[in-house]
Amino acid sequence: MSREIKFRVWDSQENTMFYNEDILNIQFAENFIRIENERYAFNSFLDEIILMQYIGLKDCNGKEIYEGDIVEDNFGDRYEVVFEDYKFNLKGFYCGCFDNPNDGFSEVRDKLKVIGNIYEDGDLMEGK
C-alpha cells in the first residue's frame, strides 16, 4: 500500500504555516530551503523552518493529521503527533503507531480529533 506524501511548513521567522495545497515546490540547497507557490517564492535557512509530513491518516472528522498536530481523544486527553523511532506516534500514548494505517490503529484514530498544532496552538498542551 502506498501512502500519499504531503508536507506543510512552519516559518518561524514569519510565524506562518504553509499547507500542502499552498506549496508547489520545495527545493533544498546546502542550508537553505526554497518554497514556491502560485503567488511567490521564499528562501529561508533550514533552521528557520519546520517541515512536517502528513502521516497518511485523517481524524474522526476527516481532517488530515500532520506531524506537530495536537489531537484530542474522546476522554479529553491531548497528544502531540511526533515522528520517532522511524514511525509516527502520539507522544505520551502507551501503544500504537502510524507507520501503517491498516495495522489496527484505526480504532484509536477514529476517536482522535485534530484541535491544533504545537506551533500555532502550543498553549493547548500546557499542563499535559
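## Reading strands, cores and rings in a predicted model

Me: Let me start with strand pairing: how many bridges join β1 to strand β2, and in which sense do the two run?

Reply: There are 3 bridges between β1 and strand β2 (residues 16–18), and the two strands run antiparallel. To follow the register, start from W10, whose bridge partner in β2 is M17. Please keep in mind throughout that this is a predicted model.

Me: Then confidence should come up early. What pLDDT does the chain average, and which elements have the lowest and highest means?

Reply: A good habit for any model: where pLDDT is low, the predicted coordinates should not be read in detail. Here the chain averages a pLDDT of 80, and 84% of the residues score at least 70. Among the elements, helix α1 (residues 106–109) has the lowest mean, 61, while strand β11 (residues 113–117) has the highest, 95.

Me: Back to β1. Which other strand is joined to β1, and by how many bridges?

Reply: Strand β6 (residues 49–58) is joined to β1 by 5 bridges, again antiparallel. Look for D11, which stands opposite I49 in β6. As for its surroundings, β1 (residues 7–11) is mostly covered, with 4 of its 5 residues buried. When you look along a strand, remember that in a regular strand the side chains alternate between the two faces of the sheet.

Me: How should I read the turn between β1 and β2, and what is the phi of N15 there?

Reply: First the general idea: most residues other than glycine have a negative phi. The β1 and β2 hairpin has 4 residues between its strands, and N15 in that turn has a positive phi of about 50°. N15 does this although it is not a glycine. N15 counts as exposed because its relative accessibility is 54%, above the 50% cut-off.

Me: Where does E30 lie, and is E30 buried or exposed?

Reply: You will find E30 in the loop between β3 (25–29) and β4 (32–36). E30 is exposed, with a relative accessible area of 81%. Its phi is also positive, about 50°, although E30 is not a glycine.

Me: Which hairpins does β9 form, and which residues in them take a positive phi?

Reply: Take the two in turn. β8 and strand β9 (residues 78–84) pair in the antiparallel sense over 3 bridges, with R78 in β9 as the bridge partner of E72. Their hairpin has 5 residues between the strands, and G76 takes a positive phi near 90°. Next, β9 pairs with strand β10 (residues 87–90), antiparallel and over 4 bridges; V82 has N89 in β10 as its bridge partner. That hairpin has 2 residues between the strands, and D85 takes a positive phi near 55°.

Me: What makes up the largest nonpolar core?

Reply: The largest nonpolar core has 10 residues in all, including I55, L57, V81, F88 and L90. β6, β9 and β10 are the elements that give two or more residues to this core. Apart from it lies another core of 7 residues, among them V9, I23, I35 and F42.

Me: Is E67 buried or exposed, and which residues does E67 touch?

Reply: E67 is buried, because its relative accessible area of 18% is under the 20% cut-off. E67 lies in the loop between β7 (64–66) and β8 (69–72). Leaving aside residues up to four places away in sequence, E67 touches R8, L51, M52, Q53, I55, V81, F83 and F88.

Me: How many aromatic pairs are there, and how is the pair of Y54 and Y66 classed?

Reply: A pair of aromatic rings is described by the distance of the centres and the angle of the planes. The count here is 3 aromatic pairs. For Y54 and Y66 the centres are 5.6 Å apart and the planes at 45°, so the pair is tilted. This pair links distant parts of the chain, with Y54 in strand β6 and Y66 in strand β7, 12 residues apart. Y54 counts as buried at 5% relative accessibility, and Y66 is buried too, at 3%. F83 and F88 form an edge-to-face pair, 5.0 Å centre to centre with 65° between the planes. In that pair F83 is partly exposed at 45%, whereas F88 is buried at 3%.

Me: What sits over the ring of Y54?

Reply: The charged end of K6 does, 5.4 Å from the ring centre.

Terms used. Residues numbered from 1 in each chain as written. Heavy atoms only, no water. Buried < 20%, exposed > 50% of the residue type's maximum accessible area, 1.4 Å probe, protein only. Pairing = 2+ DSSP bridges. Contact = heavy atoms within 4.5 Å. pLDDT = per-residue confidence, 0-100. Core = buried A, V, L, I, M, F, W, Y, C linked by side-chain atoms within 4.5 Å. Phe/Tyr/Trp six-rings, centres within 6.5 Å; stacked < 30°, edge-to-face > 60°. Lys NZ or Arg CZ within 6 Å of the ring centre and 35° of its normal.
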